[in-house]
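Colleague: I am new to this structure and would like a close look at one part of it, followed outward to whatever surrounds that part. Please choose a single residue as the starting place and keep the account connected.

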Amino acid sequence: MKILILYASTHGATKLCAEKLALALGSETEAVDVNDFFGSPAQYNGIIIGTSVYGGRILKEIKAYCKENMSILLQKPFAVFFSCLSERETTVNEYLKQNFPPELAGHAAACESFGGAFYFKKLNPLERAVDKKIASIYAKSSGIPAPDGKSDFSTISDERINAFAQKINSAFGKAS
Ligand SMILES: Cc1cc2nc3c(=O)[nH]c(=O)nc-3n(C[C@H](O)[C@H](O)[C@H](O)COP(=O)(O)O)c2cc1C
């Protein structure tokens, strides 16, 4: 089964998640940055969309792509993952509902957060200060060590990615 993972990523966390998911799904899966994708989703048996979340909003390239290609996406097995700090099911479902057209949100066979990451070394000083604050708030609420603003900080979970891949194999397999 040919699966396309289309993703957008600001600093690389969603890209990493997409690559890990492609490995978990096997050799017929392609992970492509939506900005570099000029093919047609029609060539694939299933489509997975991946995006990070900033202030409750997904990345604009993904939003635009889904809007423009909605009719073909509705004809294919479809799923969504987020790279973001929130992992609670209710919050993740809110992100899905608030950022995707209702028909497409309803069409998603699976929707999960794989966790988020901050690559402090890649950021400029202003971004570093903002990101350190956000990651610290999250760390406090989750009872994990606060980031130091220098070393990379990640909550991306291989377990979540592998569980999602299993869900996809079962949901997309049945649908095709
Ligand atoms: C300014 C800012 C706002 C963020 N807002 C949210 C948010 O609303 N919900 C959330 O779960 N994570 C939020 N995050 C965490 C990012 O989604 C997370 O770091 C993600 O892994 C970044 O992925 P990317 O490098 O692929 O863009 C925010 C991070 C920053 C820096």
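Modeller: A165 is buried, because 21 other C-beta atoms lie within 10 Å of its own, and 20 or more are enough for that label. The model is a predicted one. A165 sits in helix 7, which covers residues 158–175. Leaving out residues up to four places away in sequence, A165 touches L21, A24 and L25. These contacts lead to helix 1, made up of residues 13–25. A further link in that direction is K20: K20 and A165 are 145 residues apart along the chain, yet their C-alpha atoms are separated by 9.8 Å.

Helix 1 is the next thing to look at. Helix 1 has 13 residues, and the distance from its first C-alpha to its last is 18 Å, close to the 18 Å expected at 1.5 Å a residue. Its buried residues are A13, T14, L16, C17, A18, K20, L21, A22 and L25. Two of the residues touched by A165, L21 and L25, are therefore on the list of buried residues. After helix 1 comes G26, with a positive phi near 105°.

The largest nonpolar core has 45 residues, and those that touch the most other members are I5, C17, L21, I47, I48 and F81. At least two residues of this core come from each of strand 1 (3–7), helix 1, strand 3 (46–54), helix 2 (60–68), strand 5 (78–83), strand 7 (117–118) and helix 7. Helix 1 gives the most, with 7 residues. The core lies between domain 1 (3–116 + 155–175) and domain 2 (118–153), because both give residues to it.

C17 of helix 1 can be followed further. Apart from neighbours within four places in sequence, C17 is in contact with G50, F81, S83, F114, I156 and I161. F81 is, like C17, among the core residues that touch the most other members.

The two domains come from the domain assignment, which gives 3–116 + 155–175 as domain 1 and 118–153 as domain 2. Their C-alpha centres lie 24 Å apart. The ligand is another place where the two domains take part together. Domain 1 and domain 2 both give residues to the shell around the ligand, so the shell lies between them. There are 21 residues around the ligand, and T10, A13, S52, C84 and G116 come nearest. The shell divides into 9 nonpolar, 11 polar and 1 charged residues. Helix 1, strand 3, strand 7 and helix 6 (125–142) each supply at least two residues of this shell. A13, one of the residues that come nearest to the ligand, is also one of the buried residues of helix 1.

T155 leads back toward helix 7, since T155 is placed in the loop between strand 8 (153–154) and helix 7. T155 is buried, because 21 other C-beta atoms lie within 10 Å of its own. Beyond its neighbours within four places in sequence, T155 is in contact with L85, G115 and G116. Of these, L85 is 70 residues away in sequence, while the C-alpha to C-alpha distance is 7.2 Å. G116 is also among the residues that come nearest to the ligand.

Helix 6 gives a contrast in burial. Among its 18 residues the count of buried ones is 1, and the helix is hardly covered. Its end C-alpha atoms are 25 Å apart, which agrees with the 26 Å that 18 residues should span at 1.5 Å a residue. Within helix 6 is S141, which is exposed because 9 other C-beta atoms lie within 10 Å. The C-alpha atoms of S141 and E127, 14 residues apart along the chain, are separated by 21 Å. Just after helix 6, G143 takes a positive phi of about 70°.

A residue of the in-between class is V92, found in helix 4 (residues 89–99). V92 is partly exposed, because it has 19 other C-beta atoms within 10 Å, where 20 or more would make a residue buried. Its contacts, leaving aside neighbours within four places in sequence, are F82, S86, C111, E112 and S113. V92 and K140 are 48 residues apart along the chain, and their C-alpha atoms are separated by 20 Å.

To return to the starting place: A165 is a buried residue of helix 7, in touch with L21, A24 and L25.

Terms used. Residues numbered from 1 in each chain as written. Predicted model: local features only at pLDDT ≥ 70, side-chain atom pairs only at ≥ 80, totals over all residues. Helix = DSSP H or I, 4+ residues; strand = E, 2+ residues; numbered from the N terminus. Buried ≥ 20, exposed ≤ 12 C-beta atoms within 10 Å, placed from the backbone. Contact = placed C-beta atoms within 7 Å. Core = buried A, V, L, I, M, F, W, Y, C linked by C-beta atoms within 7 Å. Domains from an automatic or database assignment. Expected span 1.5 Å × (residues − 1). Near = placed C-beta within 6 Å. Nonpolar A, V, L, I, M, F, W, Y, C, P; charged D, E, K, R; others polar.
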